[in-house]
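Trainee: I should like a close look at one part of this model, the strand at the heart of my interest, together with the elements around it. Please treat it as one connected account.

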Amino acid sequence: MDEKTPLISLQHMDLYYETKRGLFKPPLRVGAALDINLDIRKGEVLAIVGESGCGKTTLGNVIIGMLKPTSGKLLYNGQDVYGMGRAAFREYRSSVQLVQQDSYAALNPVKTLRHSLCGPVLHKKLAKNGAEALEQVYEALDMVGINHEELDKYPHELSGGQRQRILMARAILMRPKLIVADEPVSMIDVSLRISILNLMSKLNKTLGIAFVYITHDFGTARYIAREGSIAIMYLGKMVEYGNVREVLEHPAHPYLQALLTAVPVPDPFIAKRKRELPLKSIDMPSVAAPPTGCRFHPRCPYAEERCSREEPELLPCDNGACACHLTSRLPQWSLRKDKLGR
């Protein structure tokens, strides 16, 4: 594979769900992820951030092959995933793994961890026999910081943080090139979140595993993807993309500015001077009936008449890419109201 070829590439990818509306009505098509263009390179960390219902989990499920796009392409190492042969598709499915949000639901409650970890290794024929599979499991447990004695326990006997580490161990046993982590720390204690994030960073650096980190939390997104990229989603569309530091320090889209304004600041000096960016409405429109034009215009404090008519494209800007008609005309952003900016 050419080093310049992305590990995963989404090209004009759309995914629609169909919901029934009654016996004599045609099904309603709901655009969960629309016109997504995204490249994920080997060893990269990408954070996908947005409110609930924005399509970030749907996008993650498309990347791992759990959902097939309605239109557009999903490429793995430059090959169309849904045009691959059976062997190549199996290799892709093993190389792209998912770590779910609910660690308890992701593990079989009536099977021990030994069965949950050794089983996939033997099924994928990554080990010749049970003893070799167990050795690989021990290595994975050492890497994620779990004692070997825990193998004979059931999922309910472990803490949430331990179960999350078990999911990470199960993922790396498949020798993946990419792990999609969907809200992996949202259901565990705050005191344990940093250990899971540090584990992901360790796996990224030592094994070269790329990560797609899906979250609504800017703090954890900034931490895990501090040297990577960030994509901001709203109602099924990507509205901003770029280097995580540049995007969060100099947000171009009003939606991201509003989100950052709402994040608590630990510095009392800045907190007292923090600028507010009031939205026209606190209610997010339904993804089943999105607004015309820019999807954010009913809530945007800067919206103009053009915004309600024309849908903006995701185009290059100073810090990456942004989908807003007004990007070039809005004054420089500042979080503090005592600074020049909006």
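Mentor: Isoleucine 214, a residue of strand β8, has aspartate 182 as its bridge partner. Please bear in mind that this is a predicted model. The pair belongs to a longer arrangement: strand β7 (residues 178-182) and β8 run parallel and are joined by 5 bridges. β8 also pairs with strand β3 (residues 45-49), again in the parallel sense and over 5 bridges. Within that second pairing, valine 212 of β8 has leucine 46 opposite it. In general terms, the strands of a sheet pair through backbone hydrogen bonds, in either a parallel or an antiparallel sense.

Is β8 buried or exposed? Of the 6 residues in this strand (residues 210-215), 6 are buried, so β8 is largely enclosed by the rest of the structure. The burial applies to both faces of the strand. On one side lie Ala210, Val212 and Ile214, and on the other lie Phe211, Tyr213 and Thr215, all of them buried. Val212, which faces Leu46 in the pairing with β3, and Ile214, the partner of Asp182, thus appear together on one of these two sides.

The wider setting is an open sheet of 8 strands with mixed pairing, in the order β6-β7-β8-β3-β9-β10-β12-β11. At its edges stand β6 (96-99) and β11 (315-317), each of which pairs on one side only. On average, and ignoring direction, neighbouring strands of this sheet are turned by 25 degrees against each other. β7, the partner of β8, also runs parallel to the edge strand β6, to which 4 bridges join it. In that pairing leucine 98 is placed opposite valine 180 of β7.

Helices cover parts of this sheet. Helix α1 lies across β3, β6, β7, β8 and β9 (229-234), and its direction is at about 155 degrees to β8. Helix α2 (residues 86-95) also packs on the sheet, where it touches β6 and β7 and makes about 35 degrees with the direction of β6.

α1 has a second sheet to consider, an open one of 4 strands with antiparallel pairing and the order β2-β1-β4-β5. Its edges are formed by β2 (28-40) and β5 (79-80), each with a single partner strand, so one side of each has no neighbour in the sheet. Strand β1 (residues 8-19) and strand β4 (residues 71-76) are joined by 5 bridges in the antiparallel sense; lysine 73 of β4 lies opposite glutamine 11. Helix α1 (residues 56-63) packs on this sheet as well, touching β1, β2 and β4, with its direction at about 120 degrees to that of β1.

Returning to the neighbourhood of β7, one finds a backbone feature at glutamate 183, in the loop between β7 and α6. Its phi is near 50 degrees, a positive value although the residue is not glycine. Most residues other than glycine have a negative phi. Glutamate 183 has 9% relative accessibility and therefore counts as buried.

That loop brings us to α6. Helix α6 (residues 190-207) and helix α5 (residues 160-173) have axes that come within 10 Å and cross at roughly 15 degrees; the two helices are therefore roughly parallel to each other. Their crossing is right-handed. From α5 the contact involves Gly161, Gln164, Arg165, Met168 and Ile172, and from α6 it involves Leu192, Ser195, Ile196, Leu199, Met200 and Leu203. By class, these residues are 7 nonpolar, 3 polar and 1 charged.

α5 also contains leucine 173. This residue counts as buried because its relative accessibility is 5%. Beyond its neighbours within four places in sequence, leucine 173 contacts Leu117, Val121, Leu126, Gln136, Val137 and Ala140. Its C-alpha atom is separated by 6.9 Å from that of valine 121, although the two residues are 52 residues apart along the chain.

Several of those partners belong to another helix pair. Helix α3 (residues 113-123) and helix α4 (residues 130-144) pack with their axes 9 Å apart at an angle of about 115 degrees, in a right-handed crossing. Arg114, Leu117, Cys118, Val121 and Leu122 of α3 meet Gly130, Ala133, Leu134, Gln136, Val137 and Leu141 of α4. The contact comprises 8 nonpolar, 2 polar and 1 charged residues.

Conventions
Residues are numbered from 1 along each chain as its sequence is written. This is a predicted model: local features need pLDDT of at least 70, side-chain atom pairs count only at pLDDT 80 or more; totals for chains, interfaces and linings use all residues. Side-chain values use heavy atoms; hydrogens and water are left out. Axes are lines fitted to C-alpha atoms, for helices over the stretch in contact, and angles run from 0 to 180 degrees between N-to-C directions. Angles under 35 degrees count as roughly parallel, over 145 as roughly antiparallel, 65 to 115 as roughly perpendicular and the rest as oblique. A crossing is left-handed if the near helix is turned anticlockwise from the far one by less than a right angle, and right-handed if clockwise. Contact means heavy atoms within 4.5 Å. Ala, Val, Leu, Ile, Met, Phe, Trp, Tyr, Cys and Pro count as nonpolar, Asp, Glu, Lys and Arg as charged, and the others, Gly among them, as polar. Buried means under 20% relative accessible area, exposed over 50%, partly exposed in between (1.4 Å probe, protein chains only). Two strands pair if DSSP finds at least two bridges between them.
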